[in-house]
Amino acid sequence: MTVRQSIVFNGDLGSGKSTVSVEIAKRLGLRRVSVGDLYRQMAQERQMTALQLNLHAELDQAVDGYVDQLQRDIAASGESLVMDSRLAWHFFTDALKVHMITEPSEAARRVLARPSGPAESYTSLEEARTKLRERSESERGRFIVRYGVDKARLRNYDLVCDTTRASPEQVISHVIDVYEGRLGADVLRAGRPLLLLDPNRVYPTEDVSTLRGLWDAEAADSGDEPEPLSIGYTGEYFFVVDGHRRLSAAVRAGLPMVAARLVAEVDEPVVGGISAVDYFTAQARPGLIHDWEDAHGITLPLPEHALLGGGPVLAGEPGAGA
């Protein structure tokens, strides 16, 4: 069993970082430090909202400077702990780096439902969704300018966990299993991150008709742990490169998470030098997405390229060269 020194959490607002990190710290007997709590305290002391403090921090480096030094000192101390911070992955080396994501409307619902303070309050679901996006974009831009790192890049992390439909207990158990080396060790040895994705939010790139009659060949609960899916990521959408039958089985079984490996992200090539973005644009056509939805009883928001009438056709596909 391989155990890393610390666990550091980053992720979407409303993804459940606080709930998960608090409980993991209790179970592992580790101290927990929350930079989010510190920022909210700083915002309250300045009579600002959390978003206002983020925007202020874009101009005043002293805000981030204080918190950065705190994180550097903690990382250098060698103490094993649980860190809830959107930049701790940049400062910690010997740590399991966990990035938590969730569907934006679900994140907004969670944030709206929890008790609010003067630094963080919203009057509607739409306001919560908008403000959460603005805060995240403000942080991302600030981190790129100030540190030269992009928090949205998945290869920064060891584990990416989609909590949209997963219960806190499921997320906690999976994170601890990865931390203690019982889950995803092969994927991490080959190249991080391990993805634990909501199968209902992963897009197909293969016609569902090719799966008919083959669905029983690979059951999601077939005793042996299924081979992780091979996944591409556009920076907004996850899509299958290999493993459509396994994905289909997971959707039909109602699983909240399915294991996957990342084969290409944004401008990284999927096959033949074609980037993840271009591959998805070419393969994820409106009809293909609708057929997948109908076959599985789920809804996938149409990507922008599909709303505009679909992407280009890859050579060798029906219609190419027509």
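Buried residues make up 48% of the 322 residues in this protein, whose structure is known here as a predicted model. The chain forms 13 helices and 12 strands, and of the contacts between residues with a separation of 6 or more, 75% link residues that are 24 or more positions apart.

We can begin with the sheet. Ten strands are arranged as an open sheet with mixed pairing, and the order across it reads β2-β3-β1-β4-β5-β6-β10-β8-β9-β7. The edges are taken by β2 (31-34) and β7 (202-203), each of which has a single partner strand, so one side of each is left without a neighbour in the sheet.

Moving inwards from β2, the reader meets β3, which pairs with β2 in the parallel sense over four bridges, and in this pairing Val33 has Met83 of β3 as its bridge partner. Strand β3 also runs parallel to β1, to which three bridges join it, and here Met83 is the bridge partner of Val8. Where do the side chains of β3 point? Leu81 and Met83 point one way from the strand, while Val82 and Asp84 point the other way, and all of these residues are buried. Across β1, β2, β3 (81-84) and β4 lies helix α1, which runs at about 170° to β1.

Another helix, α8, covers residues 168-179, and its 12 residues reach 16 Å from the first C-alpha to the last, close to the 16 Å expected at 1.5 Å a residue. Which residues of α8 are buried? They are Val171, Ile172, Val175, Ile176, Val178 and Tyr179. Seen down the axis of α8, these buried residues fall within an arc of 160°, so they line one face of the helix. The elements that they pack against include the strands β1 (6-11), β4 (95-101), β5 (159-162) and β6 (194-197), together with the helices α1 (17-28) and α9 (185-190). Just after α8, the chain comes to Gly181, which takes a positive phi of about 85°.

Further along, in the loop between α9 and β6, is another glycine, Gly191, which is partly exposed, with a relative accessible area of 33%. Although Gly191 and Asp158 are 33 residues apart along the chain, their C-alpha atoms are separated by 8.8 Å.

In another part of the sheet, strand β8 (residues 229-233) pairs with strand β10 (residues 258-265) in the parallel sense over five bridges, and Tyr233 stands opposite Glu265 in β10. The loop between β8 and β9 (238-242) holds Thr234. Is Thr234 buried or exposed? Its relative accessibility is 15%, and because residues under 20% are classed as buried, Thr234 counts as buried.

The side chain of Thr234 also makes polar contacts with the backbone of its own loop: a polar atom of this side chain lies 3.1 Å from the backbone nitrogen of Glu236, and the side chain reaches the backbone nitrogen of Tyr237 at 2.9 Å. When residues up to four places away in sequence are not counted, Thr234 touches Phe239, Val266, Ala276, Val277 and Phe280.

Notes:
Residues numbered from 1 in each chain as written. Predicted model: local features only at pLDDT ≥ 70, side-chain atom pairs only at ≥ 80, totals over all residues. Heavy atoms only, no water. Helix = DSSP H or I, 4+ residues; strand = E, 2+ residues; numbered from the N terminus. Expected span 1.5 Å × (residues − 1). Buried < 20%, exposed > 50% of the residue type's maximum accessible area, 1.4 Å probe, protein only. Arc of directions from axis to C-beta. Contact = heavy atoms within 4.5 Å. Pairing = 2+ DSSP bridges. Axes fitted to C-alpha atoms, helices over the stretch in contact; angles between N-to-C directions. Polar contact = N/O pair within 3.5 Å; in protein donor to acceptor, adjacent residues only side chain to side chain.
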